[in-house]
Amino acid sequence: MTRIVIIGGGPGGYEAALVAAQLGAQVTMVEQDGPGGACVLTDCVPSKTLIATSVRKQALLDAPSLGVGFTGGLDGDVGVASVDLPLVNKRVKELAQAQSADIETRVAAEGVEIIKARGRLADPQLVKAGDRAIKADVVIVATGATPRILPGAEPDGERVLTWRQLYDLDALPEHLIVVGSGVTGAEFAGAYRSLGAEVTLVSSRDRMMPNEDADGAEVLEEVYRRRGMNVMGRSRAASVKRTADGVVVTLEDGRTAEGSHALMTVGMVPNTGGIGLEEAGVQLDRNGFIKVDKVSRTSAPGVYAAGDCTGVLMLASVAAMQGRIGVWHALGEAVQPLRLATVASNIFTDPEIAAVGVAQRSIEAGEIEANVVKLPLATNARAKMQGFNDGFVKLFCRPHTGIVLGGVVVAPRASELILALSVAVQQRLTVDQLAHTFAVYPSLSGSITEAARRLMQPEAQIGI
């Protein structure tokens, strides 16, 4: 029986463990914090739980435009929706622990041994976990990553925070300064603004989320400004210091921004130091990420890696797929190499921004030839009914064959709507096939089939 040892219990680790156990391997998973790892306990699951609460609050704020008001205030005044942050954070933490427990139950039911310890490689076929040394035929490293610390802006857990420290706050920040306008910064900035905090978003680039779809980022920035957020572009932070009752963020151009708290969202660094990787022959890149190929192999025989520690794409879905692919390959199963062109991603802002396949910047740069259509969400009947005015559906296809190359959805629950485009990209469907697929009327998904109809090949429309 093949012995597989997995270092790390996040999505890359526990999904690998499940596949390995189902294929008959003897599996040990080493995780020091708990099943689900940082993804479940401190990062993805907690942040999206907090965001779900903020979306509910924003819906209450937007309700009067649909004819829904509030009553019950004192002396006939209109009641005001409030946020109990300790209760919100309690729910966030409890939900994370519950999800971790569910994962532990699922993994244990498959016969996987779980060791709560910090794992390290003694050599490519030997893992040390606490006081144990475990021989392995295959090792999978899935140790994740940690929030990057900006020199001169070291978190103190009270006023200067990483996102892993937010859930210990006992009151909503009066004025939160978010340093970093990538995906994480944009998500938390929007969430805390909807919850009721004053928010300043400090962006070092011309716009928010410079690596994401430009049209989507433009819509979101417009929404944020309309909701009262202060978005500071071209403003790289030089330092963050505590004051008597808050923080002051000093920018490289000398300007300052003052607030009650600062949230640092300036990237991630891999958890690859001090665990014996280089000594075991596992090559790292100049940023410390593990080098892997498209079937998750490292440079050391029998050692695979998955998830954020590889720096491939820091998404839970990618980590999970890397872990599965690594196990399938190690056990001799048929396997398709990781195809980044088919990865769907989502930014859990309000509205959400989901994307799959090619990016418009590649089309505009002439790297890919494609036809493009973009439909405003405001023209969709269901969106009008629900009061959704911000967003769009954008679809890309090959000019002659009509094969769907990708798309972007900016809408409430875009994370759900993108699945249709993900299937189309994965299965190489054409816009003609997508256009002939029934969509419910009225529905937001109807904009996807409408976009496909606008891109249909002329010959396919004959006789319709």
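Me: At what angle do α1 and α4 pack, and how far apart are their axes?
Reply: This is a predicted model, and in it α1 and α4 pack at an angle of about 20°, with 9 Å between their axes. That makes α1 roughly parallel to α4, because angles under 35 degrees count as roughly parallel.

Me: Which residues of α1 and α4 meet?
Reply: From α1 you get Y14, L18 and Q22, and they meet I103, R106 and V107 of α4. Sorted by class, the contact of α1 with α4 has 4 nonpolar, 1 polar and 1 charged residues.

Me: And which hand does the crossing of α1 and α4 have, left or right?
Reply: Left: α1 and α4 make a left-handed crossing.

Me: What makes α3 oblique to α4?
Reply: Start with the angle: the axes of α3 (residues 44-62) and α4 (residues 85-109) cross at roughly 140° and come within 9 Å. That makes α3 oblique to α4, because the roughly antiparallel label is kept for angles over 145 and the roughly perpendicular one for 65 to 115, with the rest counted as oblique. As for handedness, α3 passes α4 in a right-handed crossing.

Me: How do you know which residues of α3 and α4 meet?
Reply: The test for contact is heavy atoms within 4.5 Å. The α3 residues that meet α4 are V45, P46, T49, L50 and T53, and on the α4 side they find V88, R91, V92, L95, A96 and Q99. Those residues divide into 7 nonpolar, 3 polar and 1 charged.

Me: How do α1 and α7 cross?
Reply: The axes of α1 (residues 11-22) and α7 (residues 316-330) cross at roughly 35° and come within 7 Å. On the α1 side the contact is made by P11, G12, E15, A16, V19 and A20, while α7 brings A316, A319, A320, G323, R324, V327 and W328. By class that contact splits into 9 nonpolar, 2 polar and 2 charged residues. The crossing of α1 with α7 is right-handed.

Me: Over to the strands. What is the order in the open sheet of 5 strands?
Reply: It runs β9-β16-β10-β11-β12, and the pairing is parallel.

Me: Why do β9 and β12 each have one side without a neighbour in the sheet?
Reply: Both β9 (160-161) and β12 (230-232) stand at the edges with a single partner strand each, so one side of each has no neighbour there.

Me: How do you know that β10 and β16 pair?
Reply: Two strands need at least two bridges to count as paired. Strands β10 (residues 175-179) and β16 (residues 261-264) have 4 bridges, in the parallel sense, so they pass that test. For one example to look up, I177 has A262 in β16 as its bridge partner.

Me: Which strands does α5 lie across?
Reply: Helix α5 (residues 183-195) lies across β10, β11 (198-202) and β16, and it runs at about 165° to β11.

Me: What is the pairing in the sheet of 3 strands?
Reply: Antiparallel, in an open sheet ordered β4-β5-β6. Here β4 (119-123) and β6 (132-135) stand at the edges with a single partner strand each, so each has one side without a neighbour in the sheet. From one strand to the next, the twist averages 30°.

Me: What makes β5 and β6 a pair?
Reply: The cut-off is at least two bridges, and β5 (residues 126-129) shares 4 of them with β6, in the antiparallel sense. One of the partnerships to look for is K128 with A133 of β6.

Me: Which peptide bond to P351 is cis, and where is that proline?
Reply: The bond from D350 to P351 is cis, with omega near 10°. P351 is in the loop between β19 (344-347) and β20 (352-357). A cis bond also joins Y441 and P442, with omega about -5°, and P442 lies in the loop between α11 (431-435) and α12 (446-454).

Me: What is the phi of M209?
Reply: It is near 45°, a positive value in a residue other than glycine. You'll find M209 in the loop between β11 and α6 (214-226).

Me: What pLDDT does the protein average?
Reply: The average is 95, and 97% of the residues score at least 70. Over residues 460-464, though, the pLDDT is below 50, and that stretch has 5 contacts in the model beyond near neighbours in sequence.

Definitions and conventions: Residues are numbered from 1 along each chain as its sequence is written. This is a predicted model: local features need pLDDT of at least 70, side-chain atom pairs count only at pLDDT 80 or more; totals for chains, interfaces and linings use all residues. Side-chain values use heavy atoms; hydrogens and water are left out. Helices (H or I, at least four residues) and strands (E, at least two) are DSSP runs, numbered from the N terminus. Axes are lines fitted to C-alpha atoms, for helices over the stretch in contact, and angles run from 0 to 180 degrees between N-to-C directions. A crossing is left-handed if the near helix is turned anticlockwise from the far one by less than a right angle, and right-handed if clockwise. Ala, Val, Leu, Ile, Met, Phe, Trp, Tyr, Cys and Pro count as nonpolar, Asp, Glu, Lys and Arg as charged, and the others, Gly among them, as polar. pLDDT is the predictor's confidence in each residue, from 0 to 100.
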